[in-house]
Amino acid sequence: METPTVSLEQVEAAVRRLPARYHKEVLLFVEFLEYLANSGLADDSSEDADLWQAELAHQAYREAHPEEAPAVFESRAESLLVRGDKQVE
C-alpha cells in the first residue's frame, strides 16, 4: 500500500486546527519520527513480514492440533464443574 504524499502546508494546517494542549504531544511524536528516520529503524517491512509468517505458522499449527484449543465455558460455575471443583458459587 502506497502512502499518499502530504505537503508541509497540510501538516502545518492540521497542527493549527488542534487545541494548543496537543502541541507538545505533536512535537514529541515528530521528534520520535525524526529519531526513527535517522536511526534506520523506520523500515520495519522485514519485521512485518516475519510477524506475518509467524502468525501463519501459528494458524497452521492450530489447524493441525485442534485438540489443543482452549476450552470455552459459558460461566465460571461451568468451568469449575468441568474441572471437578466441589464448591461452585
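How many helices and how many strands does the secondary structure of this protein come to? Before I answer, please keep in mind that what we have on the screen is a predicted model. The secondary structure comes to four helices and zero strands, and if you follow the chain along its sequence, the pattern you read is α-α-α-α.

Let me turn next to the surface. The protein has 89 residues, of which 3% count as buried, and it exposes about 8400 Å², with carbon and sulfur atoms supplying 57% of that area.

I would like to spend the rest of my time on helix α2, which covers residues 23-39. His-23 has its place in this helix, and, leaving aside residues up to four places away in sequence, His-23 touches Val-15 and Leu-18. Is His-23 buried, partly exposed or exposed? With a relative accessible area of 36%, His-23 is partly exposed, because that value falls between the 20% under which a residue counts as buried and the 50% over which it counts as exposed.

Phe-32 also has its place in helix α2, and the reasoning for this residue runs along similar lines: its relative accessibility is 41%, so Phe-32 counts as partly exposed.

Which residues make the nonpolar surface patch? Phe-32 is one of them, and together with Phe-29, Leu-33 and Tyr-35 it makes a patch of about 430 Å². So for Phe-32 we have a place in helix α2, a partly exposed state at 41%, and a share in that nonpolar patch.

Note on methods: Residues numbered from 1 in each chain as written. Predicted model: local features only at pLDDT ≥ 70, side-chain atom pairs only at ≥ 80, totals over all residues. Heavy atoms only, no water. Helix = DSSP H or I, 4+ residues; strand = E, 2+ residues; numbered from the N terminus. Buried < 20%, exposed > 50% of the residue type's maximum accessible area, 1.4 Å probe, protein only. Contact = heavy atoms within 4.5 Å. Patch = residues over 30% accessible without salt bridge, like charges linked within 9 Å, V, L, I, M, F, W, Y side chains within 5 Å. Areas by Shrake-Rupley, 256 points an atom, 1.4 Å probe, with all protein chains shown as cover. Salt bridge = Lys/Arg side-chain N within 4 Å of Asp/Glu carboxyl O.
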